[in-house]
Amino acid sequence: MSEPVELMDVDQALEQFDPAFGIEVHVELNTKTKMFCGCPTEFGAEPNTQVCPVCLGLPGALPVVNAKAIESAIRLGLALNCSIAPRSRFARKNYFYPDLAKDYQISQYDEPIAFDGYLDVELDDGTVVRVAIERAHMEEDAGKNVHVGGATGRIQGAEYSLVDYNRGGIPLVEIVTRTVEGMGERTAEVARAYVATVRDLAKALGISDVRMEEGSLRADVNLSLRAKAADGEDQHAVPLGKRSETKNVNSLRAVERSIRHEIGRQAALLAAGGAVTQETRHWHEDTSMTTPGRSKEEAEDYRYFPEPDLLPVAPSKEWIEELRGTLPESPALRRHRLQESWGYTDLEMRDAVNADALELIEATVAAGASAASARKWWMGELARTANNDGVELADLAATPAQVAELQGLVDSGRVNDQLARQVLEGVLAGEGSPGEVVAARGLEVVSDDGALLAAIDEALAAQPDVAAKIRDGKVQAAGAIVGAVMKATRGQADAARVRELVLTKFGLEG
Ligand code: ZN
Ligand code: MN
């Protein structure tokens, strides 16, 4: 198989081709136990410590469905505007791979639990695109191959490989879109926004951790191209090209970039008279490229058949309606409601969304801070710290309640802006609440006029020329004295009060 070295420029590719994409998102559910056994599901445990005969597929072990997983799948299906099947079945999807101890995956095939839905996806400029959902079905996750000894952690160059079955049997919902076409130059943006919206929805439902970097939300992206019809030719008569499926695209940015890459790659192939191979491909974050995986199986290759060890899932109408009543406000509606009540500009809101700060700001406001001050801290000092440390905002040591308390100290004049930043430093270093840091570090503003006047006298004595200028009525010269007092008090004076005292001393007005 020949891989083109040159990619076609995406803009040029879009002049000649219309891209079409489809996305499969695997959402790992956050149930306490696995899909068909009682093993725990915690992330990061020692390898192969969360396994049992059922999830290892030992002979004679019998699976039992996790009711909580069914509930989560139904709620997700409802939130995706799907119909919920009154009766759906599990099926065995047979294939051999080391991470699959049973040699089959329990999934759903011809009878998914949820089908025929849609998701409205809002782009950055406010445009709403409706993405049709073909189905959302339940299945179990596979284990994880760990390749040891290579530089990249991939199988190429590894000395040996190990298998960790802890993840095997964790419940997943796989959401499959219908083909999305006609998005032109916004194709990659729509795909990214779709995955982000699914993530936000699953998070709002509370059914998943949705951490893409930990693999609890994974996207596989199909892409194909259709040549643009020549003048007078019917566009619908032009067939859609073969598609590639890029697996495990593990960040929103990677969704966008892998699509752009595939558009450029397929366009170059087609324009050179070649053909696109129907295959899976792997996305490489380091090189921003995809490389071929295996040629794509057709469904019949999996020899699906109904899982004989499990009863069909038949949720009652009453239960489905009860679950419908538990659906949260949609992420888009919530964003609009919060923006309105906070008075943020579109840009401020977008920044907060992109920084995953909405919940933090909401909690900070609930703890008593104004929306503007909550934004100032989370999108300013705290965002810088998170960025420098390479962590998420939510993982910082400062809580919304502490940020609100800190702002309260500023508002009451107990600390000024400069001191507040030092207080925050202490909070982030784990020294306690803002009040505790102020007490321990002695950071309170010096509000005792006697102490300030003493410091002013000292500063005037040290700069007699400045003192003379102020005496002559040069009000601006007072700045030098204020600066000296702030320095002498290590920033703990109220600068406005110092200035007032200096001017009063010389019988001047500000
Ligand atoms: Zn188990
Ligand atoms: Mn799947």
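**Close-up 1. Glu262 and its partner Arg265 in helix 4 of the predicted model.** Glu262 is buried, at 1% relative accessibility. Arg265 is buried too, at 3%. Their side chains meet in a salt bridge, with an N to O distance of 2.8 Å. Both residues belong to helix 4, which covers residues 252-271. They sit three residues apart there, so about one helical turn separates them.

**Close-up 2. A salt bridge between strands 11 and 12.** The side chains of Asp220 and Lys247 meet at 3.3 Å, N to O. Asp220 lies in strand 11, and Lys247 lies in strand 12 (residues 244-249). The pair therefore ties together parts that are 27 residues apart in sequence. Asp220 counts as buried, with 2% relative accessibility. Lys247 is likewise counted as buried, at 19%; the cut-off for buried is under 20%.

**Close-up 3. A salt bridge between strands 10 and 11.** Here the side chains of Glu181 and Arg226 form a salt bridge of 2.9 Å, N to O. Glu181 belongs to strand 10 (residues 180-181), and Arg226 to strand 11 (residues 217-227). The pair thus ties together parts 45 residues apart in sequence. Glu181 is partly exposed, at 34% relative accessibility. Arg226 is buried, with a relative accessible area of 14%.

**Close-up 4. A salt-bridge network of four residues, Glu28, Asp141, Arg167 and Arg218.** Salt bridges link Glu28 and Asp141 with Arg167 and Arg218 in one network. For the model, the count of salt bridges comes to 38.

**Close-up 5. Helix 2, a mostly covered helix of 13 residues.** Helix 2 runs from residue 67 to residue 79. From its first C-alpha to its last, the helix reaches 18 Å. That is close to the 18 Å expected at 1.5 Å a residue. Ten of the 13 residues are buried. Among the buried residues are Ala69, Ile70, Ser72, Ala73 and Ile74. Arg75 is also buried, as are Leu76, Gly77, Leu78 and Ala79.

**Close-up 6. A patch of negative charge on the surface.** Asp9, Asp11, Glu15 and Glu185 gather in this patch. Asp9 is found in the segment before helix 1, which spans 10-16. Asp9 is partly exposed, with a relative accessible area of 46%. That value fits membership of the patch, because patches are made of residues with over 30% relative accessible area and no salt bridge.

Definitions and conventions
Residues numbered from 1 in each chain as written. Chains lettered and ligands numbered in written order. Predicted model: local features only at pLDDT ≥ 70, side-chain atom pairs only at ≥ 80, totals over all residues. Heavy atoms only, no water. Patch = residues over 30% accessible without salt bridge, like charges linked within 9 Å, V, L, I, M, F, W, Y side chains within 5 Å. Areas by Shrake-Rupley, 256 points an atom, 1.4 Å probe, with all protein chains shown as cover. Lys, Arg positive; Asp, Glu negative; His and termini not counted. Charge placed at Lys NZ, Arg CZ, Asp CG, Glu CD. Helix = DSSP H or I, 4+ residues; strand = E, 2+ residues; numbered from the N terminus. Buried < 20%, exposed > 50% of the residue type's maximum accessible area, 1.4 Å probe, protein only. Expected span 1.5 Å × (residues − 1).
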